[in-house]
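User: Could you take me through one part of this model in detail? I would like a close look at a single helix and the residues that hold on to it, followed by whatever surroundings help me place it.

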Amino acid sequence: MSQFFHSRLLAATLLLSGCFCLATSAAASDVDAAGYYKLRCASCHGANGEGTRDKSPSLGPPLRGNPLVINAPAELLAKIIRHGRGGQQRVYDDAYPNMPAFDAGMVPDVMGLATYLKTVLQQAPAESAATAPVVSRRDFVDRATVGSNNRLSPPTSQTKGVSQ
Amino acid sequence: MIAVIKRILVVAGLMLGLQLGFTSDAEAVPAFARQTGMNCNSCHIGTYYIVPNFTRTGRLFAMRGYQVPYVRERLHAEGDTGNNNEQDKYGGDYLALNWTEFFSARLISEIARGGDDASGKSLDTRSSPLNRMALFFTGAITDWLGIWTEIGYLGNNSLRSVTPGRQNEQTGVNFFAYDEYRINASWDFGKNSFFGFSMGNEHPNVGPQFQYPLPLPDLWSNGQGGVGRSMDMANLSAFLFYNDRWYLQVAGVTGADNTNWSDGNNFYANVSYDWFRKTRNDLWLIAEYYAGNDFPSIMTRTKDSFLCPANCPPGVTDQNLSISNTPGDIIVNAPIEQVKDFDSFRLSLEHSAADRGSHTWYAAATVLTMTQNFESGAKVQDTQMGAYLRYFYQRTYGLEVFVRDHLKYEYTTPVGLKRDTYTKPNYGITLLWYPAMNVDFWLSFSPRVQNIVFDDQRDLYNDKASSFVLGFEYNL
């Protein structure tokens with residue numbers, strides 16, 4: 001009985017601690033991604049992903065409500081973060097400079113950041129909902145020079161709605 | 001001369017071969033790059049020999065005083081900013097940036113310099129390992145305030161003369177001096193608009209960086225800090241960038257060679273318009289006006305050296321220093337005149353296209369005219385025009401060419417006699433190689449180094465001199 005009890009207790013403890021670890025791990029991951037967004041992305045793409053097109057100098061397009069960010073696989077976003085987007089790879093209207101590359105030292109968990117861009121960042125903060133970016137068609141020009149796996153889907157009704 | 005050029009071409013070929021050993025995607029991170037996270041190419045179209053031609057992003061960044069939106073977000077993301085985030089109370093968030101992020105340095109070496117003297121005879125080929133060096137401390141102080149400061153060092157032989165027969169002289173001095181200082185305050189108002197104020201020790205058109213490219217005609221930029229050809233000056237500016245298109249600036253300037261407001265002063269105004277407004281296609285039309293009563297004569301050498309106004313070091317004289325504070329082009333045997341007042345206009349077009357496929361370029365053309373009325377009743381009018389192109393293939397291999405000429409350069413004596421001048425167009429060509437965006441090698445030719453003479457004294461004209469430089473520049 002005692003052995004049975006102890007083994008059950010041990011199993012329950014392991015299960016609970018496993019859940020706890022998973023939960024804290026997920027929370028830590030969110031925090032890290034948000035932190036790295038502010039550290040590496042916000043200076044060009046805005047504190048809440050609204051872009052800096054209305055600022056001078058304009059440095060980056062909106063990521064919140066961005067069809068590429070919403071529709072593209074996280075692996076593609078991770079690739080863009082790792083390699084940047086300069087020269088012919090730049091797909092947005094040319095108001096913005098080249099996007100620099102961020103190596104593993106600058107963004108260790110690139111998939112976590114890519115996932116953050118596709119999920120948390122797309123949820124407009126309540127306090128800034130009124131100032132959510134209006135994503136225009138010209139911000140999503142599909143250029144033939146971009147590889148097929150980089151091509152942007154035209155804004156759908158769903159993605160149009162995200163930014164409003 | 002031909003043998004020297006052959007040797008240089010061999011060296012250039014070797015450098016090209018060495019490129020196989022370089023990676024072409026190195027990240028250059030001088031101060032602004034370190035602060036903003038952007039690379040050099042975001043703001044510059046080459047930085048060859050202290051001429052930082054700008055993309056649209058870079059020009060706006062400079063215009064507003066080196067602040068970009070949301071840098072504060074980055075600071076806070078890095079943790080405690082040093083004031084426990086009580087920014088409203090204490091400010092100073094930018095102290096959280098490492099001081100090295102504000103620090104930059106530049107080194108320029110002349111691997112080989114040579115050419116012909118005024119008689120057409122080949123000069124010795126020289127090397128100047130430490131030709132120029134500069135230390136910079138620059139960047140945002142707050143979200144609305146930024147600073148640019150430069151301390152420069154000029155090595156021996158760096159202040160070469162352009163006087164025929166003296167292009168290759170050693171100056172005999174090495175010195176450090178405070179060079180440039182500029183502080184800008186700017187605030188956003190509305191969409192893509194900002195306004196601000198600045199002060200500094202250069203001509204006011206340095207604020208929006210419209211004084212570049214340097215090879216174009218420029219009769220104004222005489223005066224900045226203590227390094228180079230110029231003496232100290234002061235300007236106070238107010239500026240406005242409106243609706244992503246219009247740039248307006250007005251400024252008061254002490255004079256072209258002093259910081260004294262009471263002995264006369266000058267006024268500067270700038271109205272510029274930006275078309276297209278794209279990184280790949282940006283076209284500025286710049287109209288500038290500069291007038292006042294505190295300016296040296298553009299046709300005479302007013303002073304050879306401010307480094308040793310009284311007693312020069314042994315072996316150094318004003319003449320062999322060959323520094324001139326003359327902002328224009330001196331005329332051989334021109335009479336010394338005292339400027340009573342002057343008017344000048346400059347109209348420029350500047351086009352930049354960054355990373356248009358494999359091609360990147362910066363092209364500019366300008367027309368500038370200045371009329372100086374002298375105390376004696378005489379006057380001089382100088383109208384110049386010039387064109388300039390800097391082109392890069394894959395941001396690695398570049399070519400820079402310029403041509404400029406005097407359309408009219410005429411002196412009118414106190415009794416009304418007009419004396420025209422004679423000179424030919426100036427031009428130059430430079431080959432550039434950027435193995436990394438913060439490192440460049442160049443090979444430049446000035447096939448014609450000439451003087452300007454009165455038309456009635458053409459026998460004094462000489463254009464047999466020439467020069468070439470193989471150089472290296474490193475920005476840290």
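Analyst: Happy to help; below I start with the helix, move on to its salt bridges, and then go out to the rest of the chains.

Please keep in mind that this is a predicted model. Its overall scores are ipTM 0.72 and pTM 0.80. For chain B, where our helix sits, the mean pLDDT is 81, and 77% of the residues reach 70 or more. Two stretches of chain B call for caution. Over residues 8–29 the pLDDT stays under 50, and the model has 25 contacts beyond four places in sequence for them. The pLDDT also stays under 50 over residues 161–166, with 13 such contacts.

Now to the helix itself, α3 of chain B, which covers residues 56–63. Eight of its eight residues are buried, so the helix is largely enclosed by the rest of the structure. Reading along it, you meet B:Arg56, B:Thr57, B:Gly58, B:Arg59, B:Leu60, B:Phe61, B:Ala62 and B:Met63. Just as a reminder, an α-helix has 3.6 residues a turn, so residues three or four places apart point the same way. After α3(B) comes B:Gly65, with a positive phi near 90 degrees.

Two arginines of this helix deserve your attention. Side chains of opposite charge can pair when their charged atoms come close. Take B:Arg56, which makes a salt bridge with B:Asp244; their closest N and O atoms are 2.3 Å apart. B:Arg56 belongs to helix α3 and B:Asp244 to the loop between β6 (235–242) and β7 of chain B, so the pair ties together parts that are 188 residues apart in sequence. Neither partner is out on the surface: B:Arg56 is buried, at a relative accessible area of 4%, and B:Asp244 counts as buried at 5%.

The other arginine is B:Arg59, whose side chain meets that of B:Glu350 in a salt bridge of 2.8 Å, N to O. Here too the pair links distant parts of the chain, with B:Arg59 in helix α3 and B:Glu350 in strand β10 of chain B, 291 residues apart. Both B:Arg59 and B:Glu350 are buried.

For a contrast in burial, look at B:Glu410 and B:Lys418, which form a salt bridge with the closest N and O atoms 3.9 Å apart. B:Glu410 counts as buried at 17% relative accessibility, whereas B:Lys418 is exposed at 51%. Coming back to the helix, B:Arg56 and B:Asp244 are part of a network in which salt bridges that share partners also join A:Arg53, B:Asp274 and B:Arg277. Over all chains, the structure holds 21 salt bridges.

Strand β10, home of B:Glu350, also leads us to the largest nonpolar core. This core has 24 residues, and B:Tyr290 and B:Met299 touch the most other members. β7 (246–253), β10 (339–356), β11 (359–374) and β13 (397–412) of chain B each supply at least two of its residues. The most comes from β11(B), with three. Leaving aside neighbours within four places in sequence, B:Tyr290 has contacts that include B:His203, B:Trp220, B:Met233, B:Val253, B:Phe295 and B:Phe342. There is also a second, separate core of 22 residues, and among its members are A:Ala42, A:Leu76, A:Ala78 and A:Leu117.

Chain A contributes A:Arg53 to the network above, and its secondary structure comes to five helices and zero strands. Buried residues make up 43% of its 164 residues. Among contacts in chain A between residues at least 6 apart in sequence, 64% join residues at least 24 apart. Chain A exposes about 8,400 Å², and carbon and sulfur atoms supply 62% of that area.

Finally, here is a covered strand to set beside the helix. In strand β16 (residues 439–449) of chain B, eight of the eleven residues are buried. Strand β15 (residues 426–436) runs antiparallel to β16(B), with six bridges joining them, and a hairpin connects the two through two residues. In this pairing B:Ile429 has B:Phe445 as its bridge partner. β16(B) also pairs with strand β18 (residues 465–475) of chain B, in the antiparallel sense over nine bridges; there, B:Asp440 is partnered by B:Glu473.

Notes. Residues are numbered from 1 along each chain as its sequence is written. Chains are lettered from A and ligands numbered from 1 in the order in which they are written. This is a predicted model: local features need pLDDT of at least 70, side-chain atom pairs count only at pLDDT 80 or more; totals for chains, interfaces and linings use all residues. Side-chain values use heavy atoms; hydrogens and water are left out. Buried means under 20% relative accessible area, exposed over 50%, partly exposed in between (1.4 Å probe, protein chains only). Helices (H or I, at least four residues) and strands (E, at least two) are DSSP runs, numbered from the N terminus. Two strands pair if DSSP finds at least two bridges between them. Contact means heavy atoms within 4.5 Å. Accessible areas come from the Shrake-Rupley method with a 1.4 Å probe; for residues, only the protein chains shown count as cover. A nonpolar core is a set of buried Ala, Val, Leu, Ile, Met, Phe, Trp, Tyr and Cys residues joined through side-chain atoms within 4.5 Å. pLDDT is the predictor's confidence in each residue, from 0 to 100. A salt bridge is a side-chain nitrogen of Lys or Arg within 4 Å of a carboxyl oxygen of Asp or Glu.
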